[in-house]
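Trainee: I am new to this structure and would like to go through it with you. Could we begin with the strands?
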Amino acid sequence: MQLRRYSLKFQRIDHIFISHLHGDHYLGLPGLLSSMHLLGRTEPLDIYADQGLAEILDVNNKYSSTTLRYPVHFHPLNFSGPTILFEDDKVKVSTLILKHSVPCCGFVFEEKQRPRKLIKEKIDELQIPIAALELLKIGNDYTTPDGTVIPNTELTTSPLPPRKYAYCSDTIFNTDIVPQLRDADLIYHESTFMEDMHSRAEQTMHSTAKDAATIAKEANAKRLLLGHFSARYKNLEPLQDEARSIFPQSYLAVEGEKYFV
């Protein structure tokens, strides 16, 4: 429902990462898979989650007499240490081992270096052949038919630097994760309570806004998103204020908003 509300085409989703088996983190998945099925999806889908989720999905499909039209590839998470889950020419996704009341992972998404951008006007002006364009994108100079060497910097511009995003799902305060978060452009970190509820946070293995800000500061992150707030807080501004007292670039995660680094 939320994907539709924000006009996000869920049939374009090919990989789903589930942090742990508490209901607020996975109960929407069977409905999403069913909707993909009913709308005629045929492309394969990869799911990365606790092995127990495969059993849950199998039972759901068994008793609803559902056979999905598309293949689902299930990848069980390894909670004993960080693991690379997925990698292609654009991005790498790794697990981040968290400490919660059940086995739990966060995820780190790291972009690969993008190719240099071609300056179309220059390419057209010099009538550079298509065969040479890929070489320009990786930084090579161009030699014209008469032997003139044109520096790459005259034909291309530098790409945006690769970005790093970390999703820290439910977890107690845990500085062990800081090395993997180092220099992240954006960190999402759960902030269930404020510091005056610190004992409750420890009891339930959750974090406070102060905890999240401390992690972001130690990791030298650029920005922090706070989320997973307890329902006791009707006004969330105090959580943001608490985090900003330690890490000024802290923001509330608001559903439907876009955050740029």
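Mentor: Certainly. This is a predicted model. Three strands form an open sheet in the order 1-2-3, and their pairing is parallel.

Trainee: Which strands are the edge strands?

Mentor: They are strand 1 (15-17) and strand 3 (72-76), each of which pairs on one side only.

Trainee: By how many degrees are neighbouring strands turned against each other on average?

Mentor: The average is 15 degrees, with direction ignored.

Trainee: And how many bridges join strand 2 to strand 3?

Mentor: Strand 2 (residues 45-49) is joined to strand 3 by five bridges, and the two run parallel. As one example, Ala49 has Pro76 in strand 3 as its bridge partner.

Trainee: Turning to the helices, which strands does helix 3 lie across?

Mentor: Helix 3 lies across strand 1 and strand 2, and runs at about 175 degrees to strand 2.

Trainee: At what angle do the axes of helix 3 and helix 4 cross?

Mentor: The axes of helix 3 (residues 29-38) and helix 4 (residues 51-63) cross at roughly 55 degrees and come within 11 Å. That angle makes helix 3 oblique to helix 4. The crossing in which helix 3 passes helix 4 is right-handed.

Trainee: Which residues meet there?

Mentor: From helix 3, Leu29, Pro30 and Leu33 meet Leu53, Leu57 and Asn60 of helix 4.

Trainee: How many of the residues in that contact are nonpolar, polar or charged?

Mentor: In the contact of helix 3 with helix 4, five residues are nonpolar, one is polar and none is charged.

Methods:
Residues are numbered from 1 along each chain as its sequence is written. This is a predicted model: local features need pLDDT of at least 70, side-chain atom pairs count only at pLDDT 80 or more; totals for chains, interfaces and linings use all residues. Side-chain values use heavy atoms; hydrogens and water are left out. Axes are lines fitted to C-alpha atoms, for helices over the stretch in contact, and angles run from 0 to 180 degrees between N-to-C directions. Helices (H or I, at least four residues) and strands (E, at least two) are DSSP runs, numbered from the N terminus. Angles under 35 degrees count as roughly parallel, over 145 as roughly antiparallel, 65 to 115 as roughly perpendicular and the rest as oblique. A crossing is left-handed if the near helix is turned anticlockwise from the far one by less than a right angle, and right-handed if clockwise. Contact means heavy atoms within 4.5 Å. Ala, Val, Leu, Ile, Met, Phe, Trp, Tyr, Cys and Pro count as nonpolar, Asp, Glu, Lys and Arg as charged, and the others, Gly among them, as polar. Two strands pair if DSSP finds at least two bridges between them.
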